[in-house]
Amino acid sequence: FPSHDKVRKLDIVEGVHVQKGHALMDLVGIGATMAPFDGTVTALPVKPGETVFAQSVILTLVDLKDRYVLVSLEQRAAIRVQPGQSAKLSFDNMREQVFEGKVESIYSQNGSFLVRIYVSELPLQLLPGMTADVSILISKKQNVLLIPLVAIDSGRVYVSRKIGGPASVEVKMGIVDDEVGELISGDLVEGQQLVIPKRVPQ
């Protein structure tokens with residue numbers, strides 16, 4: 001290939017969907033270039049008559065049916081993620097729909113820990129670059145009593161009683177997420193009402 005060439009003609013525009021073999025552009029030195037697969041043109045930074053150089057991007061063609069979700073995690077969370085784990089995803093303006101996914105791979109890139117999640121049926125209106133809320137199932141336990149973390153104060157919770165003030169109960173927690181935690185030990189039963197302690201602003 002020459003070190004540089006000139007664009008003679010463009011046969012497509014950004015946003016157009018093309019099929020494999022469709023003409024994309026005509027370069028003076030190379031001739032016509034064809035789409036290698038069915039896809040959508042998402043970037044076209046050149047114009048007819050413009051000189052282009054080797055290694056420069058002159059067109060981006062994306063198969064929007066072959067999409068995946070990329071999630072960046074902190075090291076502490078990334079260590080617990082493995083290929084094959086299930087994931088649930090939701091998107092802005094589509095909160096009523098929850099999409100099922102599966103972790104395909106996890107790898108590091110420039111100091112970030114990235115998880116690639118495959119979702120079998122994503123609507124076509126979800127485009128590359130859009131954001132999603134993602135939860136990955138790390139482990140699963142049956143018959144677990146969950147406690148809101150805001151109710152825990154220095155290893156204790158306070159149970160509301162009909163007579164007298166709240167009863168203090170010492171608790172030990174297992175797996176926790178951002179909002180709730182697994183109760184490992186503590187004299188609590190399902191349905192008890194907990195008192196959220198008042199906290200002094202820092």
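**Strand pairing and salt bridges in the predicted model**

Three bridges join strand S16 (residues 172–176) to strand S17, and the two run antiparallel. Here, strands are DSSP runs of E with at least two residues, numbered from the N terminus, and two strands pair if DSSP finds at least two bridges between them. This is a predicted model, in which local features need pLDDT of at least 70 and side-chain atom pairs count only at pLDDT 80 or more, while totals for chains, interfaces and linings use all residues. Residues are numbered from 1 along each chain as its sequence is written, and side-chain values use heavy atoms, with hydrogens and water left out.

To follow the S16–S17 pairing on the model, a good place to begin is Lys-172, which stands opposite Ser-185 in S17. A hairpin of three residues connects S16 to S17. Strand S17 (residues 180–185) also pairs with strand S13 (residues 146–148), again in the antiparallel sense and over three bridges. Within that second pairing, Ile-147 has Gly-181 of S17 as its bridge partner. As a general point, side chains in a regular strand alternate between the two faces of the sheet.

Turning to charged side chains, the structure holds seven salt bridges, each defined as a side-chain nitrogen of Lys or Arg within 4 Å of a carboxyl oxygen of Asp or Glu. One of them brings together Glu-100 and Lys-88, at 2.6 Å from N to O. This pair links distant parts of the chain, with Glu-100 in strand S10 (residues 99–109) and Lys-88 in strand S9 (residues 86–91), 12 residues apart. How exposed are the two partners? Glu-100 has a relative accessible area of 46% and is partly exposed; Lys-88, at 40%, is partly exposed as well. By definition, buried means under 20% relative accessible area, exposed over 50%, and partly exposed in between (1.4 Å probe, protein chains only).

A second example joins Arg-156 and Glu-170, with 3.8 Å between N and O. Here too the pair links distant parts of the chain: Arg-156 lies in strand S14 (residues 156–159) and Glu-170 in strand S15 (residues 167–170), 14 residues apart. Arg-156 is partly exposed at 29% relative accessible area, whereas Glu-170 counts as exposed at 57%. Salt bridges that share partners also join Asp-92, Arg-95 and Asp-133 into one network. Within this network, the closest N and O atoms of Arg-95 and Asp-92 are 2.4 Å apart. Arg-95 is partly exposed, with 42% relative accessibility, and Asp-92 is likewise partly exposed, with 46%.

Methods. Helix = DSSP H or I, 4+ residues; strand = E, 2+ residues; numbered from the N terminus.
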